[in-house]
Structures are given as C-alpha cells and as structure tokens.
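Here is a short report on one protein chain. Look at the sequence and the 3D structure before reading on.

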Amino acid sequence: MSKKKTKAILLCVDAIIAAILIVLDQIIKSKVVEVLADGKEHKFIPGFIYLIYLKNTGAAFSSFQNQKWLLVLISILFMALIAFVMFKLPIGKKFIPANILFSLVIAGGIGNMIDRIKQSYVVDYLGFDFWRSYPIFNFADICVVIGVIGLFLLFIFVYNEKDLDFLRIFEKKNKAEEE
C-alpha cells in the first residue's frame, strides 16, 4: 500500500474517532440540559463527582468571559494547527498514539465550539465533590486534557529528536536557501 493511501486511511480513522467523540459529547450535553435544567446539584458518584448544569460563556477556568467569537477564532486556529501537524506526522506504529491523542484534542475543541456557536456558551456539568474549588467541566474538556497530557508525555518521553524532524519544515527550507 502506498504511503499516501496509508496516510489517508489513518486520517479517516482519526476523523471517525473525533466524530464519535463529538457526537457523544453533544448527546451527553443535551441530556444534561434536559435532566439538570433545574440547576440543582446531583450526586453522580457520592464523595467523588457531582453533576450540575452550568453555562460557561468563557474558556478554561472561566477565562475570556463573553468573548464568543474570539474563542471560536482561537479554536479554529488551534485546530487548524493540530490538523497541519497530523498531516505532517510520519506514518508508522510509533505515531499511532499521537494520531489518536490529536483526535481527542480536536474532538473536544469542536464539541465546545459547537456549543459556543449554537448557544454562546459551553454546557459544563461535572464537578469534583472532594475538590470544590476546581472548575466545573464536561466530556469535551476531558478529551482535550487527556489528549494534551498524552501528547506531552509522548513528545517528552517517547519520541526522540529525530522522530520530530517532521516539525522542522521551515528550518529545512532555510538551510536549502543558504546553500
């Protein structure tokens, strides 16, 4: 199988993973709005996780409140950058975890962006019972956090400098121009 065909299949699998997670995120959020619209707190796992319907008009930790279009623009730019890196990722078993983790980040970003565009706020609903000062979050946030932490660990502990040469696209051009 050619490299282009293998890459196309891999990117399709990434898109399917992201699509499934986005649909799951939107289903959970619609159920939360339907069931928790009363604003009352509900114990999900007593002593650990509680559910509460919250409208977040900002980003992480409620930053950038009421900046809908700025947050949408930042999300689009960030996801475009991730997509670019995914297209540049080398083909090989070593990079499959990175593909999956990038898919999680994109899914979470799109899931929250859908909320922002549709209703000008993100539906948050999960909180830690034992850590009340921690912000309320949602499934899309979990996807982003798992994806980012996983990518951080891969890029720090698994991939070596040579594995990351694909990220040096501008450096290679500059070296070729100097010669």
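The report covers one helix, one surface patch and one loop residue.

## The model

This is a predicted model. Keep that in mind as you read.

## Helix α1

Helix α1 runs over residues 3-35. It has 33 residues. From its first C-alpha to its last it reaches 48 Å, close to the 48 Å expected at 1.5 Å a residue.

Which residues of α1 are buried? They are K7, L10, L11, D14, A18, L21, I22, D25, Q26, K29 and V32. An α-helix has 3.6 residues a turn, so residues three or four places apart point the same way. The cover over the buried residues of α1 includes two strands, β2 (49-56) and β3 (122-128). It also includes the helices α2 (68-88), α3 (96-119) and α4.

## A nonpolar patch

Helix α4 spans residues 139-158, and F152 is found there. Is F152 buried or exposed? F152 counts as exposed because its relative accessibility is 51%, and the cut-off for exposed is over 50%.

F152 also helps to make a nonpolar surface patch. Its partners in the patch are V145, I149, L153, I156, F157 and V158. The patch covers about 700 Å².

## D163 in its loop

D163 lies in the loop between α4 and α5 (169-178). Its relative accessible area is 14%. Buried means under 20%, so D163 is buried.

What does D163 touch, leaving out residues up to four places away in sequence? The contacts are P90, K94, F95 and V158. With K94 there is also a polar contact: 2.5 Å joins the two side chains.

How values were computed. Residues numbered from 1 in each chain as written. Predicted model: local features only at pLDDT ≥ 70, side-chain atom pairs only at ≥ 80, totals over all residues. Heavy atoms only, no water. Patch = residues over 30% accessible without salt bridge, like charges linked within 9 Å, V, L, I, M, F, W, Y side chains within 5 Å. Areas by Shrake-Rupley, 256 points an atom, 1.4 Å probe, with all protein chains shown as cover. Salt bridge = Lys/Arg side-chain N within 4 Å of Asp/Glu carboxyl O. Helix = DSSP H or I, 4+ residues; strand = E, 2+ residues; numbered from the N terminus. Buried < 20%, exposed > 50% of the residue type's maximum accessible area, 1.4 Å probe, protein only. Polar contact = N/O pair within 3.5 Å; in protein donor to acceptor, adjacent residues only side chain to side chain. Contact = heavy atoms within 4.5 Å. Expected span 1.5 Å × (residues − 1).
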